[in-house]
Amino acid sequence: MLFGKNIVITGVASGIGARTAELASQLGANVYGIDINQPKYPIGTFIEGNLATVDGVQSIIDALPNEIDALCNVAGVSGDSGADITLRINFFGLKLLSEGLTAKMHTGASIVNVASIAGYGWRANTQRASAIATTSGFPEDMSSFLAKNDVPNDLGYPISKEALLVWTQLASQESLFKNKGIRVNAVSPGPVQTPIMNEFRAVLGNARVDADIAKVGRAATPSDIAPTICFLCSDGSRWINGHNLATDGGLEAVVNKELLEL
Ligand SMILES: NC(=O)c1ccc[n+]([C@@H]2O[C@H](COP(=O)([O-])OP(=O)(O)OC[C@H]3O[C@@H](n4cnc5c(N)ncnc54)[C@H](O)[C@@H]3O)[C@@H](O)[C@H]2O)c1
């Protein structure tokens, strides 16, 4: 399905990124894995990199080859270290990497952003989400940016994912991507059994995480999410663009059913 494709995957040292890298390799891709931490197992070509700074993103771009077929933006943090670093890694660095890499991408390439069900609040927060989503690069003064855009320190995670879901749609229509036929989509998991989930338990509370898991019977594993990401990298998804593909075991449907009081 991905035979001969050059696929860049961030967050390959753990969880969903590690499993996506493994699966993409099994499906025939040449994987270029990015992470701030060393992976425990060999992953195609590994490039150590930090998405939290302009220089970090630029050195990742410089280290990558031309002829990229897909970029999977999987790396992320839980928000337990505050809104500043969370927005840097989960949104501003991701966006800068995606924009900067277009020059090295093939016509018809694919970008897959791992968002979250936690970002579904964007519809209730369109002004803030679009202000963040349309910011160029990293804000020069992050603390005044966060204050101006009403980003509480403990809500960095959901707000970063709200901005990501909005930007996915905007980017799919932006000439930078559209003129090269580069598709931009998102995948939104519910709870997934990875190291970040313990941090979510600390940030959101056990009750919230366990309630979400109970609604669909179990937490997902990285193996439940990786095939969706690989599908969106493949030519079989060529007519899917600007879309958020919920990969949550039906959690969104359960929540909507509750909303409808059925
Ligand atoms: N696990 C869940 O319950 C869940 C649910 C919804 C969405 N997600 C999203 O899935 C993605 C992957 O999460 P995961 O569950 O695999 O978590 P994880 O903690 O297992 O993996 C995250 C990876 O990102 C890397 N990373 C962190 N900061 C970085 C930086 N500055 N530069 C480069 N790499 C960095 C980490 O080293 C790690 O390897 C995240 O974007 C997360 O928000 C996870």
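**Salt bridges and a buried asparagine**

Guide: In helix α1, which covers residues 15-26, you can find both Glu-22 and Arg-19, sitting 3 residues apart, or about one turn of the helix. Keep in mind that this is a predicted model.

Visitor: What makes Glu-22 and Arg-19 a salt bridge?

Guide: Their side chains meet at 2.7 Å, N to O. The cut-off is 4 Å between a side-chain nitrogen of Lys or Arg and a carboxyl oxygen of Asp or Glu, so this pair of Glu-22 and Arg-19 passes.

Visitor: Why is Glu-22 called partly exposed?

Guide: Glu-22 has a relative accessibility of 42%. Partly exposed is the band between buried, under 20%, and exposed, over 50%, so Glu-22 fits there.

Visitor: How many salt bridges does the structure hold?

Guide: There are 9 of them. One is formed by Asp-212 and Arg-208, with the closest N and O atoms 3.2 Å apart. Both residues belong to helix α9 (residues 206-216), and they are 4 residues apart, again about one turn of the helix.

Visitor: Is Asp-212 buried or exposed, and how do you know?

Guide: Buried: its relative accessible area is 9%, and anything under 20% gets that label, so Asp-212 qualifies. Its partner Arg-208 comes out at 41%, which makes Arg-208 partly exposed.

Visitor: How do you know that Glu-258 and Lys-215 form a salt bridge?

Guide: Their closest N and O atoms are 3.9 Å apart. The limit is 4 Å, so the pair of Glu-258 and Lys-215 counts.

Visitor: Which parts does the pair of Glu-258 and Lys-215 tie together?

Guide: Glu-258 is in helix α11 (residues 251-259) while Lys-215 is in helix α9, so the pair links parts that are 43 residues apart in sequence. As for accessibility, Glu-258 is partly exposed at 44%, and Lys-215 is partly exposed at 30%.

Visitor: Now for Asn-185: why is this residue called buried?

Guide: Asn-185 has a relative accessible area of 0%, and buried means under 20%, so the label fits. You'll find Asn-185 in strand β6, residues 183-189.

Visitor: What does the side chain of Asn-185 reach?

Guide: It reaches the backbone oxygen of Ile-240 at 2.9 Å, and the backbone nitrogen of Gly-242 at 3.1 Å. A polar contact needs N or O atoms within 3.5 Å, so both distances make the cut.

Visitor: Which residues is Asn-185 in contact with, leaving aside its neighbours within four places in sequence?

Guide: Among them are Ile-111, Val-112, Asn-113, Thr-168, Leu-232 and His-243.

Terms used: Residues numbered from 1 in each chain as written. Predicted model: local features only at pLDDT ≥ 70, side-chain atom pairs only at ≥ 80, totals over all residues. Heavy atoms only, no water. Helix = DSSP H or I, 4+ residues; strand = E, 2+ residues; numbered from the N terminus. Buried < 20%, exposed > 50% of the residue type's maximum accessible area, 1.4 Å probe, protein only. Polar contact = N/O pair within 3.5 Å; in protein donor to acceptor, adjacent residues only side chain to side chain. Contact = heavy atoms within 4.5 Å.
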